[in-house]
Amino acid sequence: LDYAVSLYDPNKKFDFYAYVNGQYMPKSTQNHYYGIHALFLEVLKSREISREASICQTRLKWWEQVLSDIEKDKKPREPVGVVIKAAKENSKINFKLLSRLVDYQLFDIDRGDMQSMTELEIYAENTRSLLLYLNLHLLKIDDSNALTAASHIGRCLGICDILKKLPFYLAVHRGYLPQDILLKNNVYFDRMWSKNFDGIMNEEFYDVVLEI
């Protein structure tokens, strides 16, 4: 059974560009690629399934256990886990990066609001950049310039992810906009909207987005 078949649809639905990119990966790595991206999506969704931190932590710790079992050479039952185990055994991925992805999301729950642009870059590095490093590993590319490019591009993509999801983050009062830039532009959560309460953001909010 090709478990990766069951991973194409979530990639296509939730990260279409990653889905398209996968079509151009070597055939021998496509299953691993889609499995890694499916895990990435599952980990990020685990962070957003509830406003209750304990529920999100439970889901993330479950994935943490799945990866720990794979590292101990235990056979997983969950389709994503099956493909991740195959990727570990048949490619040169740095498996610890997958655990780091989960660990950072657990840290993110307790971190609180972003305080600076540096913190936002660190968030992006521990999400999208990790994914690009793993893609390079699948392609057997071990080059310092390529890894540096992946770091910078990953940070860019991670920051763009935050900006695209701002309506959701505002709705759940999750502070991913750096506090120092908000204060610099005189933007506070309770003053972010126009005084008419018509759903229109104040001009200062757009200044924050442009600066980021």
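**Reading an all-helix model**

Student: How many helices and strands does the protein chain have?

Tutor: The protein chain has 11 helices and zero strands. Keep in mind that this is a predicted model. From the N terminus on, the order is α-α-α-α-α-α-α-α-α-α-α.

Student: What radius of gyration does the protein chain have, and what would a compact globule have?

Tutor: Start from the chain length. With 212 residues, a compact globule would come out near 17 Å. The protein chain has 19 Å, which agrees. For the dimensions, take the principal axes: the C-alpha trace spans about 60 × 40 × 25 Å.

Student: What share of the residues is buried?

Tutor: Buried residues account for 45% of the 212 in the protein chain. Then turn to the surface. About 11900 Å² is exposed, and carbon and sulfur atoms supply 54% of that.

Student: What do the contacts say about residues at least 24 apart?

Tutor: Take contacts between residues at least 6 apart in sequence. Of these, 63% join residues at least 24 apart.

Student: How many positive and negative side chains are there?

Tutor: There are 27 positive and 29 negative side chains. The centres of the two sets lie 6 Å apart.

Student: Let us take one helix. What span does helix 6 reach, and what is expected?

Tutor: Use the rise of 1.5 Å a residue. Helix 6 covers residues 96–111, 16 residues in total. Its first and last C-alpha are 22 Å apart, close to the 22 Å expected.

Student: Which residues of helix 6 are buried?

Tutor: The cut-off for buried is under 20% relative accessible area. In helix 6 the buried residues include Leu97, Leu98, Leu101, Val102 and Leu106. Polar and charged names are listed too, among them Gln105, Asp108 and Arg111.

Student: What covers the buried residues of helix 6?

Tutor: The cover includes helix 3 (27–48), helix 4 (53–71), helix 5 (79–90) and helix 7 (117–138).

Student: What is the usual sign of phi?

Tutor: Most residues other than glycine have a negative phi. Just after helix 6, Gly112 takes a positive phi of about 85°. Lys140 is not a glycine, yet has a positive phi of about 60°. Asn186 is not a glycine either, and its phi is positive at about 60°.

Student: Where do Lys140 and Asn186 lie?

Tutor: Lys140 sits in the loop between helix 7 and helix 8 (144–164). Asn186 is in the loop between helix 10 (179–184) and helix 11 (203–211).

Student: Is Lys140 buried or exposed?

Tutor: Lys140 counts as exposed because its relative accessibility is 66%, and the cut-off for exposed is over 50%. Asn186 has 48%, so it is partly exposed.

Note on methods:
Residues numbered from 1 in each chain as written. Predicted model: local features only at pLDDT ≥ 70, side-chain atom pairs only at ≥ 80, totals over all residues. Heavy atoms only, no water. Helix = DSSP H or I, 4+ residues; strand = E, 2+ residues; numbered from the N terminus. Rg over C-alpha atoms; globule rule 2.2 N^0.38 Å. Buried < 20%, exposed > 50% of the residue type's maximum accessible area, 1.4 Å probe, protein only. Contact = heavy atoms within 4.5 Å. Areas by Shrake-Rupley, 256 points an atom, 1.4 Å probe, with all protein chains shown as cover. Lys, Arg positive; Asp, Glu negative; His and termini not counted. Charge placed at Lys NZ, Arg CZ, Asp CG, Glu CD. Expected span 1.5 Å × (residues − 1).
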